[in-house]
Structures are given as C-alpha cells and as structure tokens.
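Trainee: I've got a new model to look at and could use a hand reading it. Can we go through it together, one question at a time?

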Amino acid sequence: MNNDAHLIQQILTGDSRALEQLIRKHQASVYSQSLYWMRNPEDAREVVQDVFLKAYQNLASLRRPERFEAWLRQIARNECRNRLRNRQPGARPLTREEPAIDQSAEARLIRDETIGRAISAIDRLPALERDLLKSRYLDEIPYADLQKIHGLSYKALTMRILRAKRKVRTQLERNFADFQVTPDEDAISPAAVPYPTSKHPQKGEPAMPHTPFEFTAPYAAKKDGKFGYIDKNGEMIIPPQFERALGFVEGLGRVGIGDKQGYIDETGKFVIPLKFDEAHPFSEGLAGARIGERFGFIDKSGAFAVPPRYVQVEHFSEGIAAVMENGKWGYINRMGDTIAEPQFTTCWPFSDGVAPVMGDRNCGYIDKNGKPIYLWNTGSQ
C-alpha cells in the first residue's frame with residue numbers, strides 16, 4: 001500500500017491528522033496546477049481550498065486510493081475549467097495550446113482538425129497508454145509525478161509514451177491518402193514544447209507539438225517520406241525535398257536536411273542557409289538557434305543578435321525571452337541583457353507585462369524589470 005492509500009485509509013476511520021498530512025503533501029502541486037490555469041494567485045488559492053474539500057467529501061467513493069494524485073488533479077482541472085467558464089467574457093486561461101496572436105481561419109481549421117484527429121486516435125489506445133498520453137500532454141503532469149503515479153522508472157515511462165505516440169502517428173498518417181499536413185514534425189524535440197514543463201528536464205524527453213506560433217500558408221506537408229509545402233487549397237507548391245520542416249511563421253519556414261537546419265521563403269528559396277544544429281520558429285523578428293551545444297537568437301539575416309551561450313531558450317514575447325543556464329530559467333531582452341537572473345525551475349512567457357514563474361520554494365509573477373509582483377511560498381522542499 002502506498003503512502004496516499006495508507007493516509008486515505010486512516011482518514012476514512014476518522015483520523016484528522018492523516019487528512020492534514022495528505023493536504024500538506026499535495027497542496028503545492030495542486031496550487032501550481034491551479035495557478036497555471038487561473039493566472040491569478042488569489043483565484044488559485046480558492047481553487048485549492050475547494051479541491052481539497054471536494055476530494056474529502058468524495059474520498060469514500062475513490063475505488064483506487066493508490067491513484068489519489070491523478071484523481072486529485074482531475075478534480076483540480078475540472079474546478080478550474082468550471083470557474084473559467086463562469087468568468088466575464090474575454091477572460092482566458094493560460095494555455096500552452098493557444099497561439100500568441102490570432103490565428104487565420106485556415107490555420108484554425110487545420111489546427112482544430114489535427115487536434116481532433118489526434119484525440120480520436122488517442123482514445124483508441126489501450127487504457128494505460130491512453131492515460132499516459134492524456135495525463136502528460138492534456139493535464140501536463142510532469143514526468144516525475146507520472147513515475148510515482150504509475151510506479152514506472154523514467155526509462156520505462158518514456159518508452160511507453162513514445163510507443164503510444166508512434167501508434168497515434170501511424171493512425172494519423174493513415175488518415176491522409178497522399179500527404180500529411182503537419183505544423184511541426186519535431187516529435188521528440190525540445191523546440192516542440194515552447195514552455196518549460198519539467199522541474200528537471202531530461203535529454204530526449206518525448207514531447208508533443210504544442211506551439212504558441214501562428215503557422216500560415218504554405219503549410220508543411222509530408223509525402224513519400226519527404227517534406228514539402230502546400231498552399232491553403234492543398235496544392236503542393238514547394239516539392240517534397242526536406243527531411244524536416246515547420247510551417248511558415250513570420251514569412252519563413254524552417255527546414256532541415258541531414259543534421260543541419262535553415263529557413264526558406266515562400267518560393268522555396270533559402271533565405272538562411274542550412275547551418276544550425278537546431279532552430280526554432282521566429283517570434284518578434286528573432287528565433288532561437290543552436291550551433292554546437294549552445295543556443296542564441298538570430299535575426300532574419302541569419303546573424304546572431306544574441307550570442308549562443310544558453311543551454312535552452314524559449315520564444316520572445318513582449319520583447320523578453322526565457323533562457324536556461326546551469327539548470328535554471330531566467331529572462332533576457334532583445335539585446336541579450338539579463339532581466340531576471342536564472343533562478344526559476346519553471347517559467348512562462350510574458351503577457352500583459354507579467355510572467356508566471358516557479359522556484360524551488362515559491363511561485364508567482366514577475367514584472368518586466370524582473371521584480372516579483374507576488375511570490376507565494378509553496379512549502380515544497
């Protein structure tokens with residue numbers, strides 16, 4: 001019997017101290033999940049209070065006490081969604097699937113259709129694989145938490161997720177007779193997840209293609225094992241010739257051949273040659289790019305506007321980007337000046353002048369000067 005199951009058994013016999021232990025154990029995790037959705041610390045605290053009350057009231061109905069943590073996160077997610085539905089029009093959760101700018105009608109159609117097909121394919125998976133994919137990519141439960149929930153080693157967990165993703169990809173590819181429209185083919189690239197999601201990122205960690213960028217026509221499409229580009233009517237206008245490809249963002253499409261990546265224009269002509277080991281889409285005129293082991297930011301001439309000196313970088317938002325050094329995230333401006341020293345375990349892009357951040361022992365918001373607006377002590381160790 002795991003610790004949660006043991007505590008639940010004690011709670012059901014009337015042990016109030018066991019209830020306190022269970023709340024203390026999980027309150028930081030529920031708070032961070034709630035803050036992610038609600039974007040407001042006060043709202044997040046209210047969610048935490050209601051979540052634990054509902055969990056206590058329904059504890060006797062929990063059939064598998066060893067899966068209490070997954071059950072609790074489901075309650076938290078439902079509570080957040082219910083509150084967001086009742087908000088004033090215009091209020092929106094912080095979601096990693098949302099683009100940073102309004103999508104065109106064509107992009108929305110392709111995105112919604114792709115997501116719908118993916119979810120349908122996931123629903124046809126065996127129970128464990130279905131649960132793992134939805135927990136990881138819809139609930140955004142960290143790998144460390146999934147290991148505890150399912151009692152799997154990191155290697156076993158990642159292999160199961162990768163195997164499930166391959167099944168989904170195979171099913172999706174069968175849905176396209178001639179080619180597969182794909183906004184991002186980087187199935188296991190860190191660039192596919194623009195926001196840091198793990199307290200301890202692992203090299204090679206499988207990632208689903210969540211992206212904040214608006215991909216516009218031409219769209220990346222795969223045919224006969226190679227990537228080309230199609231227009232909004234589905235006509236192939238740039239012949240399949242690339243081993244890797246991303247849809248167009250800010251007028252440029254990122255492509256790859258062999259171990260190198262570069263950018264083409266809408267005619268298929270190289271604007272920035274194949275010289276980077278890894279390259280991200282452009283955002284606010286700059287794109288994260290790696291040569292060797294370090295990332296910097298390039299402009300649309302392909303020159304480094306910010307020298308490559310970071311372990312990982314994220315896209316620019318409101319003139320500020322998150323960067324990683326020594327296992328911690330901080331923020332820089334477009335000139336490469338430090339806005340906030342690397343100190344956070346998790347961080348998000350700026351929106352309306354603030355960015356949500358999490359440290360080892362606290363979480364909250366910072367402003368564009370790197371000053372904390374509100375930091376709440378989670379009590380985590």
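Trainee: Let's start with one residue. Where is A303 found?
Mentor: Keep in mind that this is a predicted model. One strand, β11, covers 294–298, and another, β12, covers 304–310. A303 is found in the loop between β11 and β12.

Trainee: Okay, is A303 buried, partly exposed or exposed?
Mentor: Buried means under 20% relative accessible area, and exposed means over 50%. A303 has a relative accessible area of 35%, so it counts as partly exposed.

Trainee: Which residues does A303 touch, not counting those up to four places away in sequence?
Mentor: Don't jump to I272: it is 31 residues from A303 in sequence, and the two C-alpha atoms are 9.1 Å apart in space. Contact means heavy atoms within 4.5 Å. With residues up to four places away left out, A303 touches F297 and I298.

Trainee: Zooming out, how much of the protein chain is buried?
Mentor: There are 8 helices and 20 strands in the chain. Its length is 381 residues. The buried share of those residues is 48%.

Trainee: Which element gives the largest share of the largest nonpolar core?
Mentor: That core has 28 residues, and V30, V51, F68 and L72 have the most contacts inside it. The elements giving two or more residues to this core are α1, α2, α3, α4 and β19. With 7 residues, the largest share comes from α2.

Trainee: V51 came up there. Which residues does V51 touch, leaving out those up to four places away in sequence?
Mentor: V51 is one of the residues with the most contacts inside the largest core, and it is also among the buried residues of α3. Leaving out residues up to four places away, V51 touches V30, L72, I75, A76 and E79.

Trainee: Why do the buried residues of α3 line one face of the helix?
Mentor: An α-helix has 3.6 residues a turn, so residues three or four places apart point the same way. In α3, the buried ones are P41, A44, V47, V48, V51, F52 and A55, while Q49 and Q57 are exposed on the other side. Looking down the axis of α3, the buried residues line one face because they fall within an arc of 125°.

Trainee: What distance should the 17 residues of α3 span?
Mentor: Use 1.5 Å a residue, multiplied by one less than the number of residues. The end C-alpha atoms of α3 are 24 Å apart, which agrees with the expected span of 24 Å.

Trainee: On to strands: which are the edge strands of the open sheet β5-β6-β7-β8?
Mentor: This sheet has 4 strands, and the pairing is antiparallel. β5 and β6 are joined by 4 bridges, and V249 has L252 in β6 as its bridge partner. An edge strand pairs on one side only, and here those are β5 and β8.

Trainee: Last one: which residue in the turn between β14 and β15 has a positive phi?
Mentor: In β14, 5 of the 6 residues are buried, so this strand is largely enclosed by the rest of the structure. β14 pairs with β15 in the antiparallel sense over 6 bridges, and V323 has G330 in β15 as its bridge partner. The two strands form a hairpin with 2 residues between them, and the turn residue with a positive phi of about 55° is N326.

Technical notes: Residues numbered from 1 in each chain as written. Predicted model: local features only at pLDDT ≥ 70, side-chain atom pairs only at ≥ 80, totals over all residues. Heavy atoms only, no water. Buried < 20%, exposed > 50% of the residue type's maximum accessible area, 1.4 Å probe, protein only. Core = buried A, V, L, I, M, F, W, Y, C linked by side-chain atoms within 4.5 Å. Arc of directions from axis to C-beta. Pairing = 2+ DSSP bridges.
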